[in-house]
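Here are a few notes to read alongside the model. Take them in order, with the structure open beside you.

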Amino acid sequence: MTHGNEIEPTPLREEFEQRAGLVYFNHAGVAPLPRRSVRIIAKLAEHMAQHGASRYHELNAVHEGARQRCARLLDVPARHIAFVPNTSEGLSFVGLGVDWHAGDEIVTTDQEFPSNIVIWLDLARRHGLKVHQVPSGSNGRVDALALLERVNARTRVVTVSSVQFGTGAVVDLQRIGAALRATSTLFVVDGIQSLGILPTYSATLGIDALCADGHKWLLGPEGCGLLYLSEKGLEQIQPRVVGWHSVANAGQYQHICIDPREDCRRFEAGSPNLLGAAALGESVGLLLEAGVEHVQERVQRLVAALTTGLRDLGCIIHTPVEQDGFPGAGILVFSHPAKPSPVMHRELTSRNIYHALRGAGLRFSPHFYQDTRDVSLALAAVAEALSAQG
């Protein structure tokens, strides 16, 4: 069963060693690691087993090389990139680093993943802040203008997810960033559902802080992500977690210093996650090799083919669609009026279609290395699940 233009296999599919018969449509959850990332973990682990820290400069060079690749992905200088354990902690570094005053305000949406709302609600409770969770439209879209209408002289932060995890709605970052660029308000983005499949050039978009763990569309391991800060972000956001690595004279152990580094490494307080950063760097290198615009085009074609096929099977598409009729990122949420989503979820899982139960139904999230074969297998499984008893 195929729909629309054929999506040819890519040679980079050889980087992924998924077991036979598995259709992996949960890159919006946790992605599989490519071979090159697995190899670098094994290589560095063996290096550490043989040499310990006696050749640490070699490990540090790999770490900084990974930072350079992440910077290339965002098209920013490497001084604007820090490695963080995950999105939640990265956003917490940002939130805790603002000099809050009672009555300050935060503007966000009503669709945020907990990572991008828990920190702001906690800060509101501690400091007497006001958080505006602006309602989304009936079609699930995030209205950038509605967000901006809530901004006033007391607004310190406007924060959104670039793509909403439960609907796949793509947010107009450019419009928000342009409106806030000349103000003191910080534009903070949870980029985990777009970074790796949508070109996200933070400086051009006017983003002041962006956080993303590496384990979704970036194809990296869990436990290592990145934090980007603009010059405005570096000026306004101060590190609240500090240590030997975050200070200006890092490595000079006999001379205690509390002045922070001038760049984003001030948010890396202690010993780095070398293996995680190295693997993330390899995965980002794979995306750069493919070309982010090419990745975006393939992902959108995969989602378009799934959208058409699911509609032909009578499914309801809950992801807001763009003017061309198809979703703009990698998330596709759907349901069927004749089959409860939890039942469909079990049926598809039993047929080796790995996906997630999210939002108003089931969430498919394919990545660029997949092709028409994956779409056909998934649609055939949906058809079987709809005809199954129960």
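**Cysteines first**

1. Let us begin with Cys-70: its closest cysteine sulfur belongs to Cys-224 and lies 7.5 Å away, which is too far for a bond. Please keep in mind that this is a predicted model. Cys-70 is also buried, at 0% relative accessibility.

2. Cys-211 tells a similar story. The closest cysteine sulfur to the one in Cys-211 is that of Cys-264, at 9.1 Å, again too far for a bond. Cys-211 counts as buried, with a relative accessibility of 0%.

3. How many disulfides does the structure hold? The count is 0. A pair of cysteine sulfur atoms would have to lie within 2.5 Å to qualify, and the 7.5 Å from Cys-70 to Cys-224 is too far for a bond.

4. Next, have a look at Ser-230, in the loop that links strand S8 (225–229) to helix H8 (231–236). Is Ser-230 buried or exposed? With 9% relative accessibility, Ser-230 is buried, because the cut-off for that label is under 20%.

5. The side chain of Ser-230 makes a polar contact of 2.9 Å with the side chain of Asp-208. That side chain of Ser-230 also reaches the backbone nitrogen of Lys-232, at 3.3 Å. Setting aside neighbours within four places in sequence, Ser-230 touches His-80, Ile-207 and Asp-208.

6. Finally, find His-367 in the loop between strand S13 (361–364) and helix H12 (372–387). His-367 is buried, its relative accessible area being 0%. Beyond neighbours within four places in sequence, its contacts include His-27, Trp-217, Leu-287 and Val-295.

Definitions and conventions. Residues are numbered from 1 along each chain as its sequence is written. This is a predicted model: local features need pLDDT of at least 70, side-chain atom pairs count only at pLDDT 80 or more; totals for chains, interfaces and linings use all residues. Side-chain values use heavy atoms; hydrogens and water are left out. Helices (H or I, at least four residues) and strands (E, at least two) are DSSP runs, numbered from the N terminus. Buried means under 20% relative accessible area, exposed over 50%, partly exposed in between (1.4 Å probe, protein chains only). Contact means heavy atoms within 4.5 Å. A polar contact is a pair of N or O atoms within 3.5 Å; within protein, one must be able to donate a hydrogen and the other to accept it, and residues adjacent in sequence count only if both atoms are side-chain atoms.
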